[in-house]
Amino acid sequence: MVDASDAGPSTSYTAFRKTEKHFKNRSSQSRLPTLYACEASRAALDVSRPDRQEDDPVWQASWWGAEQQNVRRRFQRDKGKRPELSEVPREVRCGSKTGYVVSEGCILLPGYLDNEAQLDLLEAALSQYTLPPNPLSISTHYDLPPNLFEMYANESKELIPTLAPCAETPESTGKEKPAERWIGRKTVDTPAGHVVGYEEILSKNRQWTADPPSEKLGSKTAGELMKEMRWANLGWVYQWSVKSYDFRPDSPITFPPNLSTLCVEVVKSVPWDHVLSADSNVGHKAWVNDYVPDTGIVNFYQTNDTLMAHVDRAELDPSRPLVSVSLGHACVFLLGTSSRDDQPLPIILRSGDVLVMSGTGRQNYHGVPRIMEGTLPSHFEPSEKDSVALSAAKRWIHGGRININARQVFPPGFKRV
Ligand SMILES: O=C(O)CCC(=O)C(=O)O
């Protein structure tokens, strides 16, 4: 249920937008939005929670309050009671793990990564995946040193200068608007029902120009920039302003092998015949043998960041699995349908959870309206045994959440012209 006060005065919002607004609401300093936000008062789906309420950071941070009411923040100690798990989605065995089919083609694998694997991936995401030549959201504006993360880890006070505002390049027409979102999150509104073709993408590649650096920015320390960074691109480079991958290079930037292994393992573990409906005609029988991610985005969220509803459909075969891993603070993830008018399902994604979207489920609107403050699991607390890099990575995640999502742009056997 969405409070009228949360949804605002307009009745013209779509069901997705109303739910987004409910979870985003920060208008009251002393309250968190209730996690009972679905129609018919359903609680958010929370299958990856620890068994004991007392061990659950989401409960400890007072996110479960009295039903149908906003609840007080944790310092006011009104924790409410965690509801019983009800309406648990269909369970499927995925290797040694349990998966839940949360909607057609979408499988949630709670706690897929153990604590150690989460810490390894956290460190890799911040210290390796942000290294050149991977583009970062801040790359077009700052003259980034190759050792940005090392400077962050050493708490360097050295200032990193902005790039000089560029004159027109030979490729630039100077007419395109700079991407709206260099510093914000993805606001791409991609309509459903259209599969992009390779030729269309190449023509978009030709239209594309790099964002000009902003003239308004000043030099910053690595600490400031690591907080401003919103994404790192892995593999084939996505051009945000034209919503396409850049297929002009002959090959992609090397995709991290450890991440590729993880995603391939996940896809191989899913019993696709039991997950997709019998009439699903998306070639899923091949995925166990030929799924290899070649592109991905690492999303870096500060706790007050959000990701608006969108559909990821820039891949040549947009039914192939998208594997999405959560690290750090829990979040509310909204999983909708191919229409924003349908009520989305709020799912609590916790550190170590893996969500796979595939088949027609890839056309579902989804977004992250809330990072859940106060929900960082205890294994992210500093330890004397931590390396310098891990200690810095833990410092970073204390203020945020990381999502790593991997996809396969080129179906195997695809001949590039
Ligand atoms: O942060 C998440 O869990 C979702 C990220 C996402 O939907 C995207 O990058 O397209």
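# Exercises on a predicted chain

The ligand is surrounded by Ile297, Asn299, Leu307, Asp312, Ser324, Ser326, Phe333, Leu349, His366, Val368, Asn403 and Asn405. Here a residue is near a molecule if its C-beta atom, placed from the backbone, lies within 6 Å of it. The model is predicted: local features need pLDDT of at least 70, side-chain atom pairs count only at pLDDT 80 or more, and totals for chains, interfaces and linings use all residues. Residue numbers start from 1 along each chain as its sequence is written.

## Exercise 1. The ligand shell

Find which elements give two or more residues to the shell around the ligand, then sort the shell by class.

**Solution.**

Step 1. The elements are β9 (295–302), β11, β15 (366–371) and β16 (400–407). Helices (H or I, at least four residues) and strands (E, at least two) are DSSP runs, numbered from the N terminus.

Step 2. Sort by class. The shell has five nonpolar, six polar and one charged residues. Ala, Val, Leu, Ile, Met, Phe, Trp, Tyr, Cys and Pro count as nonpolar; Asp, Glu, Lys and Arg count as charged; the others, Gly among them, count as polar.

## Exercise 2. The annotated binding site

Locate the residues that UniProt marks as "binding site", and describe the setting of His310 and Asp312.

**Solution.**

Step 1. Read the record. An unreviewed UniProt entry places this feature at His310, Asp312 and His366. They spread over 57 residues of sequence but cluster in space, with a largest C-alpha distance of 9.1 Å. UniProt positions are in the numbering used here, feature names are shortened, and annotations may be inferred rather than shown by experiment.

Step 2. Take histidine 310. It lies in strand β10 (residues 307–310). Histidine 310 counts as partly exposed because it has 16 C-beta neighbours inside 10 Å. The rule: a residue is buried if 20 or more other C-beta atoms lie within 10 Å of its own, exposed if 12 or fewer, and partly exposed in between, with C-beta atoms placed from the backbone.

Step 3. Take aspartate 312. It sits in the loop between β10 and β11 (322–328). Aspartate 312 has 21 C-beta neighbours inside 10 Å, so it counts as buried. Leaving out residues up to four places away in sequence, aspartate 312 touches Leu322 and Arg362. Two residues are in contact if their C-beta atoms, placed from the backbone, lie within 7 Å.

Step 4. Return to the ligand. Asp312 and His366 are among the residues around it.

## Exercise 3. Strand β5 and its partners

Which strands pair with β5, and in what sense?

**Solution.**

Step 1. Strand β4 (residues 97–103) pairs with β5 in the antiparallel sense over three bridges. Strands pair if DSSP finds at least two bridges between them. Valine 101 stands opposite isoleucine 107 in β5.

Step 2. Look at the turn. β4 and β5 form a hairpin with two residues between them. Glycine 105 in this turn has a positive phi of about 80°.

Step 3. Turn to β14 (residues 354–357). Four bridges join it to β5, and the two run antiparallel. Leucine 109 stands opposite valine 354 in β14.

Step 4. Check the side chains of β5 (residues 106–109). Cys106 and Leu108 point one way, Ile107 and Leu109 the other, and all are buried.

## Exercise 4. Core and loop

Describe the largest nonpolar core, then place proline 344.

**Solution.**

Step 1. The largest nonpolar core has 101 residues. Such a core is a set of buried Ala, Val, Leu, Ile, Met, Phe, Trp, Tyr and Cys residues joined through C-beta atoms within 7 Å. Leu122, Ala125, Val266, Val298, Val323, Ile347 and Val356 have the most contacts inside it.

Step 2. Follow isoleucine 347. Beyond four places in sequence, it touches Ala44, Leu45, Val102, Leu108, Phe333 and Leu335.

Step 3. Place proline 344. It is in the loop between β12 (331–335) and β13 (345–349). Proline 344 is buried because 27 C-beta neighbours lie inside 10 Å. Its contacts, not counting residues up to four places away in sequence, are Phe16, Thr19, Leu334, Leu335, Gly336 and Tyr365. Proline 344 and tyrosine 365 are 21 residues apart in sequence and 8.3 Å apart, C-alpha to C-alpha.

## Exercise 5. Unusual backbone

Which peptide bond is cis, and where does proline 133 lie?

**Solution.**

Step 1. The cis bond joins proline 132 and proline 133, with omega about 10°.

Step 2. Proline 133 lies in the loop between α4 (115–127) and α5 (148–153).
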